[in-house]
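Please open the model in a viewer and keep the selection panel at hand. The tour below proceeds by selection, with a short account of what is found at each stop.

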Amino acid sequence: MAGVIPVGPQGSAVITFNTPASTNGWTTALRLPNSGAAISNSLSLDTAVQTNVASAITMALGITTSGQQGSSAFWHTGLQYIYTRPAGVSYHVLMATLENQTGADVGRITVSFTAGAVNVQLGHMPGWLVYYSVTGQPYEWHLIPEFSNLVTNGALTATMALTSPWPNGGPLYLLWADDNADSVTDPAYTIDDFFVFPGDVIRLLYERLPDGEARITWVRPTASFMLEHTATFSGIGSNSWSQVPFPYQTNGNMISVTLAPTNAGFFRVRSP
Ligand SMILES: [Ca+2]
Ligand SMILES: [Ca+2]
């Protein structure tokens, strides 16, 4: 077992896969038979994935500079990402083992990463099925639809309400499953810039208006909130933040704030 990925109150590190240590917490496993036809669609892949137990997914990632196919997942040391690209199996899995170091049980998480697809082929099941599990036990793998059945190049983000709390100090498993396509050479599906946050992440839209004012817009969170700004970023958890003293405008489920010309370059929304 190659370590865990710690998730503290400010989230995990952003993992860019640029060093051997950046693959700590990532493991892989191959699943036989060697057959491109054994898995034919997402339904049969899901049926197979549900039999997995996290404690049996223990292989270190293969290391490559070529982007080759393989029985299990790889770390590409040249392009500095990790990927799945099955051959010689019916499917393989890639797993991240997270550890809750927030000091409390966690009920919601946000997961984001940059996805990529190399050598895209048509005519087979697209992309991964991606799951989370708090127990790592068979039939307790919960699909993450935002990451599944799609082929894309770009950032993916999903926020999920966990089916049971993630205990403080305990593991949470994320699993990417890729089938061995029949009669075509599998694409590589890549993962980079991986980040986990213990809660919801709110995306702020920043617009510079013609008169020099700035407008910040975001989707209204379900809980109470406050908008803060700082001129110099010295950490999400630093004490340099101060509350933005402007009234909020609401428009449907969107909230916006217009600010007079300011040198505040960084904004955050947090619960009071
Ligand atoms: Ca990278
Ligand atoms: Ca595939």
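In which strand is Trp166 found? Select residues 154–166: this is strand 10, and Trp166 belongs to it. Strands here are DSSP runs of E with at least two residues, and helices are runs of H or I with at least four, both numbered from the N terminus.

Before going further, note that the model is predicted: local features need pLDDT of at least 70, side-chain atom pairs count only at pLDDT 80 or more, and totals for chains, interfaces and linings use all residues. Residues are numbered from 1 along each chain as its sequence is written, while chains are lettered from A and ligands numbered from 1 in the order in which they are written.

**Stop 1: the surroundings of Trp166**

Keep Trp166 selected. It counts as buried because it has 23 C-beta neighbours inside 10 Å; the cut-off for buried is 20 or more other C-beta atoms within 10 Å, for exposed 12 or fewer, with partly exposed in between, and C-beta atoms are placed from the backbone. Leaving aside residues up to four places away in sequence, Trp166 touches Asn100, Asp105, Val106, Val134 and Leu172. Contact here requires C-beta atoms, placed from the backbone, within 7 Å. Add Ile109 to the view: its C-alpha lies 9.4 Å from that of Trp166, although the two are 57 residues apart in sequence.

**Stop 2: strand 6 and its partners**

Next select residues 91–100, which form strand 6; nine of its ten residues are buried. Pairing of two strands requires at least two bridges found by DSSP. Which strand pairs with strand 6 in the parallel sense over three bridges? Strand 1 (residues 5–7) does so, and within that pairing Ile5 has Leu98 as its bridge partner. Strand 2 (residues 26–31) pairs with strand 6 in the antiparallel sense over six bridges, with Arg31 partnered by Tyr91. Now show strand 11 (residues 171–179), which is joined to strand 6 by nine bridges, also antiparallel; Met95 faces Leu175 of strand 11.

**Stop 3: the nonpolar core**

Met95 and Leu175 reappear in the largest nonpolar core, which has 53 residues; both are among those with the most contacts inside it, as are Ile82, Tyr83, Val93, Leu174 and Ala177. Such a core is a set of buried Ala, Val, Leu, Ile, Met, Phe, Trp, Tyr and Cys residues joined through C-beta atoms within 7 Å. Centre on Tyr83: its contacts beyond four places in sequence are Ala73, Phe74, His76, Ala188, Tyr189, Thr190 and Ile191.

**Stop 4: domain 2**

Colour the chain by its domain assignment, which gives domain 1 (5–197) and domain 2 (205–270); the bounds come from an automatic or database assignment. The C-alpha centres of the two domains are 34 Å apart.

Select the open sheet of four strands, ordered 13-14-18-17 with antiparallel pairing. Strand 13 (205–208) and strand 17 (249–251) are at the edges, each with a single partner strand, so one side of each has no neighbour in the sheet. Between strand 14 (residues 214–219) and strand 18 (residues 254–259) there are six bridges, and Arg215 is opposite Thr258.

Finally, select the open sheet of three strands, in the order 16-15-19, likewise antiparallel. Its edges are strand 16 (242–243) and strand 19 (266–270), each with a single partner strand, so one side of each is left without a neighbour in the sheet. Five bridges connect strand 15 (residues 226–230) to strand 19, where Val269 is the bridge partner of Leu227.

Conventions: Contact = placed C-beta atoms within 7 Å.
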